[in-house]
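Visitor: I am new to this structure, and I would like to be led through it slowly. Could you show it to me before we begin?

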Amino acid sequence: MTAVLEARDVFKEYHPRGLLGRSRVVRAVNGVSLSLDAAETLGLVGESGCGKSTFARLAVGLERPTAGEVLHGGRALSEPGASRDRELRRRSQIVFQDPFGSLNPRMTIGDSVAEGLVIHRLVPRAGLKDRVAALLGEVGLAAGDADRYPHEFSGGQRQRIGIARALAVEPAFVACDEPVSALDVSVRAQIVNLLRRLQAERGLAYLFIAHDFAVVAQLAQRIAVMYLGFIVELGPAPALLRDPRHPYTRALISAVPTPDPAARLERIVLTGDPPSPTALPPGCPFVDRCYHPSRDERCRAERPVLRPVGAALAACHYAEIAPVPSSTRKP
């Protein structure tokens, strides 16, 4: 079966100019290869600035990769004519982190939701109002809300509007770029449940981006962990959460709060900062923050590649050895 989304060795570089006019190379995404099937959710987790949002924009065609290719339903976005292929373009949509910033404040939400229907000529003009009302109802809003403006809604309601707008063109794949990180905890749960229901009803594939394992664990069947533009671990969600093999993954999971006040979980506190994306080290990008007991000069000299370790893939030379630090602290 053809994957809904496939990324093949995707790189993305930027060339900003410094104060003296010198051009630098910022490597935001470094050789990412991922695939996503229909009705599957792949969680993409990592710290802010690691390249998650850049990859989401590459996945839906908002940006083009510097190298590698992105395919939707087996067709590359970069192939001749793809930029003019409406069918290919509407296969993928994106829900942004900031629901207010992604909506035009001068347009009613009815017009915002209808925009994709008009561009792709999916509904006759006479049927636009009914179709918009149906989409709003699908995400838990009233038909009468179509005549209101974004500032009249709460953050959670605006995110529902963004989801309705993404669903309007009947996509097969939706990139959810931290769609709940700006919301209150109770509203966050409502949006996660909404996404889960829509996936079951429509067979959608999600790339769900977050920096919080607790949220990703509620939706994702598989999880990919990104560090400095590299995928450092990838595997089934239960196995990865139960027994992470990369030190960075283990540190992220140790920071997830537990609802049990009696639990005394070990927390791994990373020291130092990630290296600059303009000067990547020749070996493992995590080496200067790594606490793995087997870390050695090989880690500094040779970049590890993703390879099978148990049920997952891990980019660590010593992934077979559980990356438990010699000292941890309890919260």
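Visitor: In what order do the 8 strands of the open sheet run?

Guide: This is a predicted model, where local features need pLDDT of at least 70, side-chain atom pairs count only at pLDDT 80 or more, and totals for chains, interfaces and linings use all residues. Residues are numbered from 1 along each chain as its sequence is written, and side-chain values use heavy atoms, with hydrogens and water left out. Strands are DSSP runs of E of at least two residues, helices are runs of H or I of at least four, both numbered from the N terminus, and two strands pair if DSSP finds at least two bridges between them. The pairing in this open sheet is mixed, and the order is E6-E7-E8-E3-E9-E10-E12-E11.

Visitor: Which strands stand at the edges?

Guide: Each edge strand has a single partner strand, so one of its sides is left without a neighbour in the sheet. The two strands in that position are E6 and strand E11 (307-309).

Visitor: In what sense do E7 and E8 pair, parallel or antiparallel?

Guide: Strand E7 covers residues 173-177 and strand E8 residues 205-210, and 5 bridges join them. Within these strands, Phe 173 stands opposite Ala 205 in E8. The sense of the E7 and E8 pairing is parallel.

Visitor: Which helix packs on the sheet?

Guide: Contact here means heavy atoms within 4.5 Å, and the helix touches strand E3 (41-45), E7 and E8. The helix that does this is H6, residues 185-202.

Note on methods. Axes are lines fitted to C-alpha atoms, for helices over the stretch in contact, and angles run from 0 to 180 degrees between N-to-C directions.
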